[in-house]
Amino acid sequence: MLSVSQQWFAEPKSFYKNTMDLLVNRTTRTANSTIGDFSVNGNYFSHCLEPTDRGLTSTMSLADIAAIKVPDKTCIPTGVYNVTANNQSKFGPNVPILNDVPGFADVEIHHGNFPYNTDACLLLGVNQDVDYVGPSDDIVAQFYALFAEALANDETVTITYQ
């Protein structure tokens, strides 16, 4: 039986257009984390994990976000963000980083399995459980390859959090 990521890559898809559209659909909230589905250009790709959802939106004022945010334990506001490559990440070169997230800095997409592996970043994983996604290394490497190809094709990359 093929894994989710193997099935995803086995099916023909049109990945590359003028943009790479990423989507985080938050589905499960606990006191410690937010689990969701991560899609690339409308196709399910993996599960994802973030810190606790505290109801932030990108339309809130910075003062409102700061009043609600618990540092390193709050997922980013819902909204749409541009994604570029961070060449100075502790996770290596060309790590996807979200730009202009209100009240947050250095929000990346990287490997990790548990809430303590993220301060606000998005973690990808093949499986999910309570406060867990994983394994993540292979699925993150697969996503990084898609991301690098999109950038090489001069595509604009955006991510929507809902």
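Which residues are exposed on the other side of helix α3? The answer is Asp-137, Asp-138 and Ala-152, where exposed means over 50% relative accessible area, buried under 20% and partly exposed in between (1.4 Å probe, protein chains only). The structure is a predicted model, in which local features need pLDDT of at least 70 and side-chain atom pairs count only at pLDDT 80 or more, while totals for chains, interfaces and linings use all residues. Residues are numbered from 1 along each chain as its sequence is written, and side-chain values use heavy atoms, with hydrogens and water left out.

The protein chain holds 3 helices and 10 strands, taken as DSSP runs (helices H or I, at least four residues; strands E, at least two) and numbered from the N terminus. Along the sequence their pattern is α-β-β-β-α-β-β-β-β-β-β-α-β. Of the 162 residues, 45% are buried. Contacts (heavy atoms within 4.5 Å) often reach far along the chain: among those between residues at least 6 apart in sequence, 51% join residues at least 24 apart.

Eight of the strands can be followed across one sheet. This open sheet of 8 strands has mixed pairing and the order β5-β4-β10-β1-β2-β3-β7-β6, two strands being paired if DSSP finds at least two bridges between them. Strands β5 and β6 (109-110) stand at the edges with a single partner strand each, so one side of each has no neighbour in the sheet. Strand β6 runs parallel to β7 and is joined to it by 2 bridges; here Ile-109 stands opposite Leu-122 of β7.

Helix α3 deserves a closer look. Its 16 residues (137-152) reach 22 Å from the first C-alpha to the last, close to the 22 Å expected at 1.5 Å a residue; the expected span is 1.5 Å times one less than the number of residues. Buried in α3 are Ile-139, Val-140, Phe-143, Tyr-144, Leu-146, Phe-147 and Ala-150. They cover an arc of only 165° around the axis, which places them on the same side of α3; the arc is that of the directions from the helix axis to the C-beta atoms. After the helix comes Asp-154, with a positive phi near 60°.

The buried side of the helix leads on to the core. The largest nonpolar core (a set of buried Ala, Val, Leu, Ile, Met, Phe, Trp, Tyr and Cys residues joined through side-chain atoms within 4.5 Å) has 32 residues, and those with the most contacts inside it are Leu-22, Phe-38, Leu-98, Phe-143 and Ile-159. Its largest share, 7 residues, comes from α3. Not counting residues up to four places away in sequence, Phe-143 touches Leu-22, Phe-38, Val-40, Phe-45, Pro-96, Ile-109 and Leu-124.

Charged pairs complete the picture. The whole structure contains 2 salt bridges, each being a side-chain nitrogen of Lys or Arg within 4 Å of a carboxyl oxygen of Asp or Glu. In one of them, the side chains of Arg-26 and Glu-50 meet at 2.8 Å, N to O. Arg-26 belongs to strand β1 (residues 19-29) and Glu-50 to strand β3 (residues 43-50), so this pair ties together parts 24 residues apart in sequence. Both Arg-26 and Glu-50 are buried. The side chains of Arg-29 and Asp-53 also form a salt bridge, at 2.7 Å, N to O. This pair links Arg-29 in strand β1 with Asp-53 in the loop between β3 and α2 (62-68), 24 residues apart. Arg-29 counts as partly exposed because its relative accessibility is 47%.
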